[in-house]
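Ready for a little practice at reading a model? Please have the sequence and the coordinates open as you work.

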Amino acid sequence: MSASLAMAQQTFSKEQIDQMMAPIALYPDSLLSQVLMAATYPADVADAAKWSKANPKQSGDAAVKAVQDQTWDPSVQSLVAFPQVIQMMGDQPDWVQNLGDAFLASSKDVLDSAQRLRAKAQQTGNLKTTEQQTVTVEQEPQTQQTVIKIEPTNPQTVYVPAYNPTVVYGAWPYPAYPPYYYPPYAGWYPGAALATGIAFGVGVAAVGALWGGCNWGGGDVNINTSRYNSINTNRQISANQTKFQHNAANRRGVPYRDQGSQQRFGNNRAGDPSQRADFRGRDNAGRDAQRERAEG
């Protein structure tokens with residue numbers, strides 16, 4: 001057993017990782033990789049979700065270009081292309097931080113979880129090729145691992161699936177850890193009936209926004225540098241930076257959960273309390289005003 005795997009097992013169990021991956025494991029590979037990267041920056045996610053709610057007509061590549069001057073990590077900027085995703089993440093700050101910390105502790109464990117869940121959804125007949133997505137089963141040449149890939153049928157348009165994990169995966173194997181479920185926002189999934197299977201809402205024109213990919217055999221996330229550089233005009237990266245590298249400077253004081261990540265990313269302090277309150281969606285100024293009124 002590798003040291004990183006041992007550390008990850010101390011951080012989150014397999015059951016806990018499957019529980020937190022349940023709402024997103026059936027996302028297209030490229031979108032799933034962006035969510036995992038972005039989750040390692042919880043404070044940025046909170047700010048991006050607020051921006052998305054304040055700009056309800058913005059989506060797709062146009063939305064990503066509109067936030068280029070923000071200081072958020074590019075992986076977080078990419079998700080404003082999908083308001084239904086970034087706003088869901090903004091509403092679930094604890095889940096976002098746990099997901100990001102699990103990914104930092106062992107990206108392989110998290111990707112393995114996605115494959116386990118996809119296999120379950122496929123066995124129940126709920127994960128299949130549609131006009132919105134193409135589902136393929138391949139064998140990874142490096143590891144001989146059988147992997148299920150999900151890609152947009154039309155590369156120009158990405159559809160975010162909505163589904164109820166308690167239905168789509170069939171009988172859940174860990175009763176003590178029921179799958180997380182975040183119901184879809186009605187505006188993005190008009191008339192979506194989730195009693196069975198997977199529903200698709202409005203397609204999003206997102207060609208440049210998605211520059212990540214799941215390296216299933218390697219257990220990490222790839223970066224398409226040319227696509228990244230085409231939309232992140234203010235933050236170019238070199239052509240040989242083809243793997244996700246967490247940038248601790250963009251963590252903004254949010255503490256890392258496990259000791260391994262603290263040592264790797266040099267964040268051994270408890271974190272800035274104001275940032276922690278902010279990423280959990282608490283309004284410091286409003287709370288101070290309430291306190292002053294109460295004292296008055």
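Two exercises with worked solutions follow.

This is a predicted model, in which local features need pLDDT of at least 70, side-chain atom pairs count only at pLDDT 80 or more, and totals for chains, interfaces and linings use all residues. Residues are numbered from 1 along each chain as its sequence is written, and side-chain values use heavy atoms, with hydrogens and water left out.

**Exercise 1.** Describe the surroundings of Lys-53.

*Solution.* Start with the backbone: Lys-53 belongs to helix H4, residues 42–54 (helices are DSSP runs of H or I, at least four residues, and strands runs of E, at least two, numbered from the N terminus). Next, its relative accessible area is 45%, so Lys-53 is partly exposed (between buried, under 20%, and exposed, over 50%, with a 1.4 Å probe and protein chains only). Then look beyond the neighbours within four places in sequence: Lys-53 is in contact with Gln-87 and Asp-91 (heavy atoms within 4.5 Å). Finally, the side chains of Lys-53 and Asp-91 make a polar contact at 2.8 Å (N or O atoms within 3.5 Å, one able to donate a hydrogen and the other to accept it; residues adjacent in sequence count only if both atoms are side-chain atoms).

**Exercise 2.** Work out which classes of residue line the largest cavity.

*Solution.* First, find the lining: 15 residues, with Tyr-27, Pro-161, Ala-162, Tyr-182 and Pro-184 nearest the centre of the largest cavity (on a 1 Å grid over the protein atoms alone, a cavity is a set of points where a 1.4 Å probe fits but cannot get out; lining residues have an atom within 4 Å of a point). Second, place it: helix H7 (83–91) and strand E4 (161–163) each supply at least two lining residues. Third, sort by class: 14 are nonpolar, 1 is polar and none is charged (Ala, Val, Leu, Ile, Met, Phe, Trp, Tyr, Cys and Pro count as nonpolar, Asp, Glu, Lys and Arg as charged, and the others, Gly among them, as polar).
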